[in-house]
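Biologist: Please take a close look at one strand of this model. With which strands does it pair, and how is it placed in the rest of the structure?

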Amino acid sequence: MPEDRPFVGQWSDFSGRPMMAFLAPPGYLAELIHELGDSVLGCHGRLVLAEAPSIPPAWAQNVWKAPRLFTVSSISDAARQLRAMQRNWAACPVHLHRRTALVSQQLPTVAAKPLKFPSSPPVSPLGSWSFLSKDTILASAECTSPFPNGEIRFLEDHVNPPSRAYLKLWEALTRIGRRPGPGDRCLDLGASPGGWTWVLHELGADVIAVDKADLDPRLEGLARISRRKESAFALDPADVGDVDWLFSDIICYPGRLADLLGRFLAAGTVRNFVCTVKFQGPTDFEVMSRFLAVPGSSLMHLFHNRHELTWVVLDIHEKQEQRDAAH
Ligand SMILES: C[S@@+](CC[C@H](N)C(=O)[O-])C[C@H]1O[C@@H](n2cnc3c(N)ncnc32)[C@H](O)[C@@H]1O
């Protein structure tokens, strides 16, 4: 079993092969290992070392793109070697917590201010490191997330959003680096009580909020929010018309959501999709493949997601035209 394979002592077997380290979200190590399959070389807590896959795994909170293993003779030597590689580091403590804290104290402080939405994520590179043993460190100066261990934290609004689900949408829009704005027409499926609708309205977009359940009264009657108090599964894309963004946070079986989105994809009336795929029971890897079969799409586990993934396709028509031109 890959879980039983530690890094240490086997490193020499790995040398020469392009590999990366993948940090699983808490509770989803099995999902990450399943996705990486035979390319898994070893695990260290939630950190999985594997040969670089052809598509990024969805169940990874951060990817260490260029992990290096080195030995250290002391706390100061560990800090010195890390500082020599680059300035900013986030520790990924799996064990040896005290020792990890002592090294961190000797590294430059990384500003840990929560992000104010909408603003861009930090641009300075942030490396990740972990003690594998008392005198061995695994470190990567290059990681996919600019946030420590992929944990993106926002300056929260405890007053206005009707639900905490707004954080999930803030994170999705921050990660994709795009967001709707004034004049954009957004369809929000499974909108109640209105966290996502609130985010979209705040961004200046026009929102069609679809849910049989009510929206928070503070959102009712706002000029740029129109309500469809019906099941999203009964919607006819032709009746809805062209939309710039389709959002969905509906609680339903993932296969049912795939069928619904398939109807909108076939109609060609939507430009961008951001949808939560919620698993009911065990993680359904087959249904994940169904979502990923849509060209140009990706699945990611957000820090604010639970047992769910976020499926994203942007500029679907432009991508289709590029594919057609290439053939
Ligand atoms: C997790 S909540 C959505 C939270 C919302 N995005 C927010 O930010 O407040 C899931 C919603 O899916 C809705 N839902 C379930 N089945 C639905 C259906 N057939 N059509 C529309 N909405 C549905 C539920 O009523 C529920 O409000």
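Modeller: Two strands are said to pair if DSSP finds at least two bridges between them. The model under discussion is predicted, and the strand I have chosen is E7, which spans residues 127–133.

Let us begin with the partner that precedes E7 in the sequence. Strand E6, residues 89–91, pairs with E7 in the parallel sense, and three bridges join the two strands. Within this pairing, Ala91 is the residue that stands opposite Trp129 of E7. A helix also belongs to this part of the picture: H4, made of residues 97–105, forms a β-α-β unit together with E6 and E7. The handedness of that unit is left-handed.

The next partner is strand E8, residues 136–140. Here the two strands run antiparallel, and five bridges connect E7 to E8. The link between E7 and E8 is a hairpin, which passes through two residues. Trp129 appears again in this pairing, for its bridge partner in E8 is Ala139. Trp129 of E7 can therefore serve as a landmark when you inspect the model: look for Ala91 opposite it, and for Ala139 as its partner in E8.

Finally, consider how E7 is placed. A residue counts as buried when its relative accessible area is under 20%. Seven of the seven residues of E7 are buried, so this strand is largely enclosed by the rest of the structure.

Note on methods:
Residues are numbered from 1 along each chain as its sequence is written. This is a predicted model: local features need pLDDT of at least 70, side-chain atom pairs count only at pLDDT 80 or more; totals for chains, interfaces and linings use all residues. Side-chain values use heavy atoms; hydrogens and water are left out. Buried means under 20% relative accessible area, exposed over 50%, partly exposed in between (1.4 Å probe, protein chains only). Helices (H or I, at least four residues) and strands (E, at least two) are DSSP runs, numbered from the N terminus. A crossover is right-handed if, with the strands pointing away from the viewer, the path from the first strand over the helix to the second runs clockwise.
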